[in-house]
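This report goes through one protein model by its fold, its strand pairings and a pocket. The sequence and structure come first.

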Amino acid sequence: MSRLADLRFRTATAFQRRVGNPVLRRLPLQTVLETTGRVSGLPRHTPVGGRRVGDSFWLVSEFGERSQYVRNIKADARVRVRIRGRWHTGTAHLLPDDDPVARLRRLPRVNSVGVRALGTDLLTVRVDLDG
């Protein structure tokens, strides 16, 4: 990873950890992804942008496999997603062969702009929701 990409990653994750995530995950209509911490085993909540399509929820990780929630998914793919204030359980799938830029065009514009602006290694994630 280049120095500029590493600086963008460190700056964005520091902001998200200290300001963005604590505020956004408390908003009742914010979409939140709950993973299980790969070391602690505790629930981890990350505000995300994405879209439900049928029985799947699609999102794009701005830092790919460097994102903590992606690393948690690799350890345990069972997740929950809070969509419009309601929790849904499901199984997450990392899709490195999917075109994340094309996927972003089909996701909510506000999140897509942020992911494209800050992202250094985009990765598509699909959550297959249970019944």
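The sections below move from the overall fold to single strands, a turn, the chain end and a pocket.

## Overall fold

The model is predicted. The protein contains 4 helices and 7 strands, and along the sequence these elements follow the pattern α-β-β-β-β-α-β-β-α-α-β.

Of the 131 residues in the protein, 40% are buried. When contacts between residues at least 6 apart in sequence are taken, 66% of them join residues at least 24 apart.

## The sheet and helix α2

The sheet is open, has 7 strands and pairs them in the antiparallel sense, in the order β2-β1-β5-β6-β7-β4-β3. Its edges are formed by β2 (43–47) and β3 (51–53), each of which pairs on one side only. From one strand to the next the twist averages 35°.

Helix α2, residues 68–75, packs on this sheet. The strands touched by helix α2 are β1 (32–36), β2, β4 (56–61), β5 (78–83), β6 and β7. The direction of helix α2 makes about 50° with that of β1.

## Pairing from β1 to β7

Strands β1 and β5 are antiparallel and share 3 bridges; here V32 has R82 in β5 as its bridge partner. The pairing of β5 with β6 is also antiparallel and runs over 6 bridges. In this pair, R78 is bridged to T91 in β6.

Strand β6 (residues 86–95) pairs in turn with strand β7 (residues 123–129), in the antiparallel sense and over 6 bridges. Within this pairing, G90 is placed opposite L129 in β7.

## Strand β4 and its neighbours

Is strand β4 enclosed or open to the outside? Of its 6 residues, 6 are buried, so β4 is largely enclosed by the rest of the structure. The cut-off behind this is a relative accessible area under 20%. In a regular strand, side chains alternate between the two faces of the sheet. In β4, S56, W58 and V60 point one way while F57, L59 and S61 point the other way, and all are buried.

On one pairing, β4 meets β7 in the antiparallel sense over 6 bridges, with S56 opposite D128 in β7. On another, β4 is joined to β3 by 3 bridges, and the two run antiparallel. There V53 stands opposite S56 in β4. S56 therefore faces D128 in β7 and V53 in β3, and β4 as a whole is largely enclosed. The β3 and β4 strands form a hairpin with 2 residues between them, and G54 in its turn has a positive phi of about 65°.

## The turn at R84

A second hairpin is made by β5 and β6, again with 2 residues between the strands. R84 lies in the loop between β5 and β6. Its phi is near 50°, which is a positive value in a residue other than glycine.

Is R84 buried or exposed? With a relative accessibility of 72%, R84 counts as exposed, because the limit for that class is over 50%.

## The segment after β7

D130 is located in the segment after β7. Its relative accessible area is 37%, so D130 is partly exposed.

Which residues does D130 contact, leaving aside neighbours within four places in sequence? They are R78, T89 and G90. Between D130 and G90 there are 40 places along the chain, yet their C-alpha atoms are separated by 5.2 Å. Two of these contact partners also appear in the strand pairings: R78 is the bridge partner of T91 in β6, and G90 stands opposite L129 in β7.

## The second largest pocket

Rolling a probe the size of a water molecule over the atoms shows where empty space is left. The second largest pocket has a volume of about 300 Å³. It is lined by 13 residues, and those closest to its centre are T31, G50, F57, I83 and R84.

By class, the lining divides into 5 nonpolar, 5 polar and 3 charged residues. Two of the residues closest to the centre have been described above: F57 is a buried residue of β4, whereas R84 is exposed and sits in the turn of the hairpin formed by β5 and β6.

Conventions:
Residues numbered from 1 in each chain as written. Predicted model: local features only at pLDDT ≥ 70, side-chain atom pairs only at ≥ 80, totals over all residues. Heavy atoms only, no water. 1 Å grid on protein atoms, 1.4 Å probe; cavity = no way out; pocket = protein on both sides within 12 Å on 5 of 7 lines; lining within 4 Å. Points joined across faces, edges and corners; volume = space filled by probe spheres on them. Nonpolar A, V, L, I, M, F, W, Y, C, P; charged D, E, K, R; others polar. Pairing = 2+ DSSP bridges. Axes fitted to C-alpha atoms, helices over the stretch in contact; angles between N-to-C directions. Contact = heavy atoms within 4.5 Å. Buried < 20%, exposed > 50% of the residue type's maximum accessible area, 1.4 Å probe, protein only.
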